[in-house]
Each structure stands twice: as structure tokens, then as C-alpha cells.
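Take a look at the model below. Short questions and answers follow.

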Amino acid sequence: MTKKSFNDTFLKACRGESVPYTPVWYMRQAGRYQPEYREIRQRHTFFEMNEKPEVCAEVTRLPVEQLGVDAAILFADIMTPLKPVGVDVQIKSGVGPVISNPVRTPADVNRIGSLSPQRDVPFVLESIHMLTSEQLDVPLIGFAGAPFTLASYLIEGGPSKNYHQTKGFMYSQPEAWEALMEKLADLTVTYLTAQISAGAHAVQVFDSWVGALNAADYQTYVAPVMHRIFSRLKESTDVPLIYFGIGAGHLLREWNRLPVDVIGLDWRTSIREARQLGIEKSLQGNLDPSLLLAPWELIEKEAREILDQGMETPGHIFNLGHGTYPEIQVETLQRLTQFIHEYTQK
């Protein structure tokens with residue numbers, strides 16, 4: 001396969017550099033809204049797709065070719081590195097991760113093992129190498145789950161609406177909580193370092209559910225471990241680091257103190273509001289994915305507003321405030337990508 005010249009617009013925007021247009025990619029851009037993905041999914045379980053490099057590469061590459069986006073994100077799940085360290089997890093369609101052996105005691109924390117990427121997830125590294133050395137002409141984003149969000153699944157045993165068991169564990173067993181955070185931090189750094197060594201051009205840490213904490217609890221129970229994760233990554237790499245969470249607008253000032261390059265916003269906080277809070281990092285976001293089910297005129301209006309705000313200060317990557325939904329049409333994302341590129345062309 002012949003590769004085109006490498007498009008580094010996304011990486012430049014991550015670093016706050018001048019770009020010829022606003023780059024765009026979409027969270028969960030490989031997913032059930034694509035007929036091709038649904039056809040592949042009928043033949044494989046989620047983890048089979050993840051663990052077969054040829055399939056993983058095809059699913060990762062497809063939206064880049066189909067939508068014309070400026071970055072690819074590795075097809076995997078934040079649960080991928082947990083399976084080999086002793087977590088019995090399945091991805092159930094329509095539900096999400098379901099864990100049969102949840103963490104509830106210090107002994108449960110102790111039984112979580114250490115990750116050796118070359119031994120435990122060689123398929124991830126092979127997929128990254130295959131994509132970056134042979135197939136992609138845009139940057140590949142690797143990713144991992146943040147300790148709080150991983151812990152929420154481990155403790156609750158699956159998705160939760162209020163994370164009360166997670167927070168109950170955090171408040172009532174502080175030593176076990178700290179031990180769990182340390183284990184998950186080591187796993188996150190080890191996993192992301194291996195992805196970067198294999199060729200990932202940037203990495204995103206998904207802290208999807210940390211917005212369930214207030215600012216004071218975030219500072220006490222989570223911020224120290226996030227500082228350690230990003231500081232350790234910065235010591236060994238210069239690839240852009242992205243941090244994203246949902247419903248976490250009240251944590252943005254704390255995130256601005258982390259050694260990250262890009263902060264991902266959901267749709268609740270506008271680009272301009274984030275800047276007015278003093279956020280100096282590059283920003284990624286933040287169209288509400290539900291809007292992609294609306295008439296095009298409304299989509300274009302909202303996208304234009306986000307782009308206008310993003311162009312006020314260097315360092316903006318267009319994205320959604322959360323992942324795509326199965327009901328979204330491929331043609332809608334194609335049209336949106338073209339609009340973003342044309343509207344912001346300099």
C-alpha cells in the first residue's frame with residue numbers, strides 16, 4: 001500500500017502551533033454507525049477484533065479513509081490491558097464492560113497483577129506498528145483509561161449511574177484506594193509507553209467518569225496520581241498527551257495544572273468559557289454528538305460557533321463531546337468533516 005505524504009495538522013494543533021485549517025477526528029469514529037464495522041462485528045467478538053492485528057488495523061483505518069479525518073485512534077477498549085492482569089471482563093453489546101470479579105477489599109486490590117505489554121498485549125503493539133509503518137498518512141492516537149474511571153468499573157462491576165460504590169470504597173478504605181490508584185497508574189504508564197514505543201503519535205487518557213467527583217475530592221483522591229502519570233510520560237516522550245472527561249467542567253482549572261498538552265471538553269463547557277477560566281492548553285471538542293441526529297442546518301450552526309471560538313486562540317482540535325452513536329449517518333460525519341476543513345481553511 002502506497003502512503004500519501006504525512007498529514008501532521010493534528011499534531012501541530014496539539015502543540016498550539018499554526019495550522020492551515022482546524023483538524024478534526026471523532027471519538028468512537030470506528031463504531032456501529034458504520035455498515036462495514038457492523039459486518040465485521042458479526043464475525044468477531046469485540047476482543048477478537050481487538051486481538052487480531054489485521055482486523056484491528058482495518059477497523060482503525062476505515063474512518064480515516066471514509067470520513068477524511070486528520071487522526072486515527074486505535075481500535076481497542078480501556079478494558080484491554082485489564083484482562084491480562086487478572087480481571088475477568090467481557091464487553092456486552094448494549095451494556096459495556098461487565099466484570100465478574102469486582103474489587104471490594106484490599107485482598108481484591110492485591111490480586112491485580114502487573115502488565116508486561118510485550119507478553120500480555122502484543123497484538124496492540126503489532127496493530128500500532130502495522131498502522132503507522134504501512135497504512136496511515138495521519139497520526140495514530142493511542143489511549144488508556146485513567147485510574148478513577150478504570151476503578152469505577154472494577155469496583156461497580158460494570159457501568160454505573162452514580163458511582164456510589166466507587167466513592168464509598170474511596171472514602172471508607174483510603175489505603176486500599178491509594179494502592180489501587182498506584183497499581184492502575186503503573187499499568188497506565190506502562191501501557192501508554194509501550195504504545196508510544198510501537199509508533200503511536202499521541203495518546204489520550206480517558207477519565208470519562210471522574211466528573212462524578214467534586215473538585216475537593218478530585219484534588220485529594222485523584223489529582224496526585226494523574227500528576228504522576230503525566231509527569232512520568234513527559235520524562236520519556238514528547239508526543240502530545242490528551243486528557244478527557246465527561247461532565248468535568250468544574251475540574252478544568254485543576255487539569256490546567258497537569259503536564260498535559262491538550263484538554264478534551266464535553267459539550268457542557270464551551271471553548272470560550274474554558275479560555276475565560278484561564279485554560280492555556282490546546283483544547284479538543286466539543287460538539288454534542290446528539291446534534292448529529294439533527295437537521296444539517298442546526299449541525300452547521302453549532303459547528304460554526306465552535307470553530308469560531310476555537311480559532312480565537314491557537315490550539316484547537318474539533319471533536320465531539322462524547323463518542324458517536326449507532327444512529328448517526330456516515331454521510332453526516334463526512335459532510336461535517338468537509339465543512340470543518342473548508343470553513344477554517346486559511
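Q: Which residue in the turn of the β2 and β3 hairpin has a positive phi?
A: This is a predicted model, in which local features need pLDDT of at least 70, side-chain atom pairs count only at pLDDT 80 or more, and totals for chains, interfaces and linings use all residues. Residues are numbered from 1 along each chain as its sequence is written, and side-chain values use heavy atoms, with hydrogens and water left out. β2 and β3 form a hairpin with three residues between them. The turn residue with a positive phi, about 80°, is G94.

Q: How many bridges join strand β2 to strand β3?
A: Strands here are DSSP runs of E with at least two residues, helices are runs of H or I with at least four, and both are numbered from the N terminus. Two strands pair if DSSP finds at least two bridges between them. β2 covers residues 89-92 and β3 covers residues 96-99, and the two run antiparallel. The number of bridges is four.

Q: Which residue in β3 does Q90 stand opposite?
A: Strands of a sheet pair through backbone hydrogen bonds, either parallel or antiparallel. Opposite Q90, in β3, stands V98.

Q: What is the strand order of the open sheet of seven strands?
A: The pairing in this sheet is parallel. β1 (72-73) and β9 (316-320) stand at the edges with a single partner strand each, so one side of each is left without a neighbour in the sheet. The order is β1-β4-β5-β6-β7-β8-β9.

Q: Which residue in β6 is the bridge partner of V203?
A: Strand β5 spans residues 202-206 and strand β6 spans residues 241-244. They pair in the parallel sense over four bridges. The partner of V203 is L241.

Q: Which residue is joined to G285 by a cis peptide bond?
A: Omega of this bond is about -5°. The residue on the other side of the bond from G285 is found in strand β8, residues 282-287. That residue is N286.

Q: What is the phi of R28, near which value?
A: R28 lies in the loop between α1 (9-14) and α2 (35-43). Its phi is positive, in a residue other than glycine. The value is near 55°.

Q: How do α4 and α7 lie to each other: roughly parallel, roughly perpendicular or oblique?
A: Two packed helices are described by the angle between their axes and the distance between the axes. Axes are lines fitted to C-alpha atoms, for helices over the stretch in contact, and angles run from 0 to 180 degrees between N-to-C directions. Helix α4 (residues 53-67) and helix α7 (residues 122-135) pack at about 55°, with their axes 9 Å apart. Angles under 35 degrees count as roughly parallel, over 145 as roughly antiparallel, 65 to 115 as roughly perpendicular and the rest as oblique, and therefore α4 and α7 are oblique.

Q: How many nonpolar residues does the contact of α8 with α10 have?
A: The axes of helix α8 (residues 147-156) and helix α10 (residues 174-198) come within 9 Å and cross at roughly 120°. The contact (heavy atoms within 4.5 Å) includes L150 and L154 of α8 and W177 and L184 of α10. Ala, Val, Leu, Ile, Met, Phe, Trp, Tyr, Cys and Pro count as nonpolar, Asp, Glu, Lys and Arg as charged, and the others, Gly among them, as polar. The contact has one polar residue, no charged residues, and a nonpolar count of eleven.

Q: How do α8 and α9 lie to each other: roughly parallel or roughly perpendicular?
A: The axes of α8 and helix α9 (residues 164-172) come within 8 Å and cross at roughly 105°. The contact involves residues including F148 and I155 of α8 and F169 of α9. α8 and α9 are therefore roughly perpendicular.
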